[in-house]
Structure formats: structure tokens, C-alpha cells
Amino acid sequence: MNEKQQSLLLESAARFPPPKGVKLSYGTAGFRADASLLESTVFRVGILAALRSLKTGSVIGLMITASHNQVSDNGVKVADPSGGMLTQDWEPFADAIANAPDPHSLLQLITEFAKEEDIVFEGRQPPEVLLGRDTRPSGEALLDAAKQGITSIVGAIGTDMGVVTTPQLHWMVRARNRGIEASESSYFHQLSSSFRCLMDLKPEGIRKNGDDNALVVDGADGVGGEKLEHFKKMLTGLCIEVRNRGEGMLNEGVGADYVQKEKVAPRGFGPADAGLRCASLDGDADRLVYFSVILNESNKIELVDGDKILSLFALFIKEQLSILNDGESKKDNDSYQAHLGVVQTAYANGASTDYLKEMGLEVVLTPTGVKYLHEKAAEFDIGIYFEANGHGTILFSEAYLCRLESTHKTLLSTSEGSAKQKAASRLLAVSQLINQAVGDALSGLLLVEVILQYMGWSICRWNELYHDLPSRQLKVKVGDRTAVVTANAETVAVQPVGIQEAINTEIAKYPRGRCFIRPSGTEDVVRVYAEATTQDAADALASSVARLVDQYLGSGSA
Ligand code: G16
């Protein structure tokens, strides 16, 4: 690093002193905190993103969002060249620079890290970072801080993509690095054309009832509602009404997180909506859940969560693969049986895991956080991952896509219009529709809609795939949530010492009881999840374990 670079870094870092007495860490989905604490962190993540671009020789993404958190919070996360999450190898560096007390110690950390990583500052193509933000009022100033961080690396460019959903920004990074135009219009074009293709491939004679095409979407008063309102004009065969498009308070009584955790209808939905198919996006539109309002039950809902979306996707993909392989023997040299797998977390309802296993699928469990699920799903030819909270997607490996494209080409020339050719076409269209970079509520919603139409299913029929075990999630505020350390994909708490034994004693009181605790990576709480055969039992188990957390870690429940 030459002197000019060093003095530019020192000079710009002096404009962003870190807040005193606050320790931040790159959690489940980047840094998150009250927005007033984040300027210096975001500035420093801007530097990190420019360094990552220098290291990889590719375009990197930086998103300002706190997703499902309250509006006064904000956050920042980095997208790698593939469009996926920042490599976990760089997270310790992110933590270190975010907490460096002054410009000189920051410079020292950067210099050492650049040396370790062989990052060369001169003679390379200029690093470039695509920046996006959600609709939070604090977003604009934080985006400016990120830009200043980026441009404190000599020659680096920060390209502002404006107010976008998190998945759009990830998609754009992936697109740019694959030579595709990284714009909102190309994103919408890819989604709408692959959606159209799948709609055209629906089996004939499937229901034609206009009502079945109607969908009401809760936009969480965030960026997703706004985008969908615009995007829906490009979609034919679907009639979408978007509510909560930004007129109310972001994530307050609305959004996928609220609907999934509270199991009630969001603001703006009520008894008059009973029987309608409804969906809810979260604050930055990377999560999706469905629901229907129960008749005569005020705001109670039937929740169709991420596990059910995963099951629907798995069923559809499995069906297309079996059409494609129909009549082919495993010994046949030309036939190739795709390796299909699904990835869940400990939050997955036990009934969903049983259902997926009964379907003959390989089910893998990872800790919470898309970064873990995504990595695991990428090990399959087709990997489907979903968290119960509605965050997930379907990944197609490059090698399998090449194979599928060539099979499709052959089928087009030998048996155009055959069931096999259509199945191959559908799979290819799914790989275009569903975001390959990260979970995306808008693309997930379109795939759900097309599959329901393909199957001729109502939301009730879909919900009947299996019956969820009653469950309850609680949050407990504690002095220091990092005192909870977990193992085995977060199913066991190894610290504080003794708490797991106490939890086990509670679990043993309930038939089919299951319960775990984990520190949140996005909020300052410990989360408790419990499941049992009745709602009362699940509630009681969750409450007793929340009390244990309070006893072991102290300082009041939330
Ligand atoms: C983020 C992550 C998700 C995770 C969620 C809650 O979602 O991307 O993988 O499930 O946080 O995490 P935690 O329980 O650690 O707070 P989002 O939608 O907020 O970005």
C-alpha cells in the first residue's frame, strides 16, 4: 500500500469515529444495530467490500438493510461475486475493522490483512461495488458512508443501484459478474419471462377458475410491496393485490416475520379476506410465507410457512425429475439421476422433516442463517433450502445445468412436445425464475403460484400436505446473549454449563416434545423454539425453557 493510499484511508476514517462502548459483530446476516450506531461500521464495510473486489477481480455487493428488524434499526451485508453471502473466511476481518478504535489501528489491520490475502492495490482493474438500500429513513446517510468507505481505496467505484430488495442486489451482483446487464429491468424481465414459460407448460385441462388466480400480498410496508406493485403489471395469468406498500410503519404488525412468529393476519387483513390466498413478504423481500384467514376467527390464520414452500418445491422438482428419467435405467450410460437434496434448520417443523424423508429425499440440517443453508444446498445437483421463516431458494449446480441443457437440446430435436422435453424445459425455466444467489420472496412467490396452478391446488390443498406439530417461538432478553453457545446445528446448548440438562428435563415432560435455544444473530435476544403434540404443551414447554434462560443468564424477558 503506497503512501497516497495510506493517507487517504487515514483521512477518510477520521470522519467516521466508531461509537464508544459498542462492540459489533458480523452476525447471521451482516452487522445490525440501531441505525444511529452504524455510520462508522458501514464506512468500514465499504472498505472491506472494495478490498474484496480487488482480491477477487469481480464486482461485489453491499446492501444497507435490517430486513425484518424494527424501522429504527439498520444493517449492512456484503454479497460475494457469485451473488451469495460474503465468504465466512472474511467475517473475522469484518469484526476486527468494525471494532478498531481509531484510524491508525484500522489502517494497521487493513495493511496486515491485505498482506495475508495478497491484495495488490496498484495495476489492477478498478474495484467496483454495487450498493443498494431498503426503504428505511436512515438508509440514505448510511449508503453515503459506505460510498466514502469504498472510495477511500484509490480508484474504487461505488455504483448506487438505489432502493432495491436485498435479493435484487444479490441478483445484480451475480448478473454483472456473468456479463448480464445488472439492472432492475433485466431482473424483472428474467423473472417474468421464465414465469411465462412455466405457465405455458402447465398441463392442459387444469382448472380455469378466475378466482384461483387471485392473490393478496402483504408488502410489510417495505421495498418488496413497492416493487411488486410495479412488477405485477408485467405478469399475465395472475391477479395480484398488494397491501401495505409503504403507507404504514415498516414491519410493525406486518410482514413475513410477524405473520410467521405470531401466527395472526397482518395489519390490513381481516375476516373479509377469509378463503383468499394471501402471502406476506418481509421488510427487504427476502422472505415469503403464505396464509389464509380463518373464517369467523377474527385475525387467526392458517400459516403456510417456509417448510411448506420447501415441500411444494421439492414435490414439483421431484416430479419433473421422475418424468425426465421415466423408462431410463440407472445402469443406462445416457441416463443420469440428478442428486436432489433439501436443507433445513432446527426450526423446521418436525412434521415437515418427516414428510420430506417419507418422500425419499435426503434432508440435511444446518445452523440458522442463509449462509449455512446455501453452502450446503450447493453440494447437490439440485439443492432446495428453506428456513421455516420463509427464507430460501433452489440451487442448480453449473454441471447439472449444462447436462440438462444438452438433454433438453437432444429432446427438442428427437421428441419435441414430449413429456420429457417439457419436464426438462420446466426445470430450466425454474433455474431462471428462482434466484440462484439468495432467497427471494418475489421469485419464490411466482414459483409457488405456477406450481399451484400446475397441480390445480388451492392453498388449503397445499396446506394439507402434512399437519404441522404445534410450535411456539419466544425471545428472551439477557445481559449477554453470546453466553449461549450451541452445537449440532444449534440443537444442543453447550453453554451455559448445565442448561441443556435442565432443558432436557422440561422436554421429557411432553410427548414428542422438542425444544432448543440459540442466540439471535440479528437481534439482541436469545431465541427459544418448542414443539409438542398440542399448542398448550408447546406454549408451556417454550415458557418453561424461557424461564430457564432467564435464570441462567438473567435480566428480564421480552
Ligand atoms: C436473517 C437471516 C436468516 C435468519 C434470520 C433470523 O434474515 O438471513 O437466515 O433466519 O435473520 O436470524 P436470527 O434468528 O439469528 O436473528 P433476515 O430476513 O432478517 O435477513
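Mentor: Two strands pair if DSSP finds at least two bridges between them. With that definition in hand, please note that this is a predicted model.

Trainee: How many bridges join β1 to strand β3?

Mentor: The two strands run antiparallel, with β3 spanning residues 73–79. One partnership can be named: A33 is bridged to N74 in β3. Since at least two bridges are required for a pair, β1 and β3 qualify, and the number of bridges joining them is 4.

Trainee: In which order do the 5 strands stand in the open sheet?

Mentor: The pairing within this sheet is mixed. β1 (31–34) and β5 (157–163) each have a single partner strand, so they stand at the edges and one side of each is left without a neighbour in the sheet. Neighbouring strands are turned by 15 degrees against each other on average, direction ignored. The order is β1-β3-β2-β4-β5.

Trainee: At about what angle does helix α5 run to β4?

Mentor: Helix α5 comprises residues 139–150 and lies across β2 (60–64), β3, β4 (128–133) and β5. Angles over 145 degrees count as roughly antiparallel. The helix therefore counts as roughly antiparallel to β4, as its angle to that strand is about 170 degrees.

Trainee: Is α6 roughly parallel or roughly perpendicular to α7?

Mentor: Helix α6 covers residues 166–177 and helix α7 covers residues 184–200; their axes come within 10 Å and cross at roughly 95 degrees. That crossing angle means that, relative to α7, α6 is roughly perpendicular.

Trainee: Which residues in α7 are met by Q168, W171, M172 and A175 in α6?

Mentor: The residues of this contact divide into 4 nonpolar, 2 polar and 1 charged. On the α7 side, the residues met are E184, S186 and Y187.

Trainee: Which residues are closest to the ligand?

Mentor: The ligand is surrounded by 18 residues. The shell they form divides into 2 nonpolar, 10 polar and 6 charged residues. The closest are T28, S67, S520, G521 and T522.

Trainee: Which residues does the UniProt annotation "domain: Alpha-D-phosphohexomutase alpha/beta/alpha" cover?

Mentor: This annotation comes from an unreviewed UniProt entry and has two parts. One part is 0% helix and 35% strand, with its end C-alpha atoms 16 Å apart. The other is 44% helix and 24% strand, and its end C-alpha atoms are also 16 Å apart. In turn, these are residues 57–90 and 124–177.

Trainee: How far apart do the end C-alpha atoms of residues 475–547 lie?

Mentor: An unreviewed UniProt entry places the feature "domain: Alpha-D-phosphohexomutase C-terminal" at these residues, 475–547. The span is 30% helix and 29% strand, and the distance between its end C-alpha atoms is 11 Å.

Technical notes
Residues numbered from 1 in each chain as written. Predicted model: local features only at pLDDT ≥ 70, side-chain atom pairs only at ≥ 80, totals over all residues. Axes fitted to C-alpha atoms, helices over the stretch in contact; angles between N-to-C directions. Contact = placed C-beta atoms within 7 Å. Near = placed C-beta within 6 Å. Nonpolar A, V, L, I, M, F, W, Y, C, P; charged D, E, K, R; others polar. UniProt positions renumbered as here; feature names shortened; annotations may be inferred. Parallel < 35°, antiparallel > 145°, perpendicular 65-115°, else oblique.
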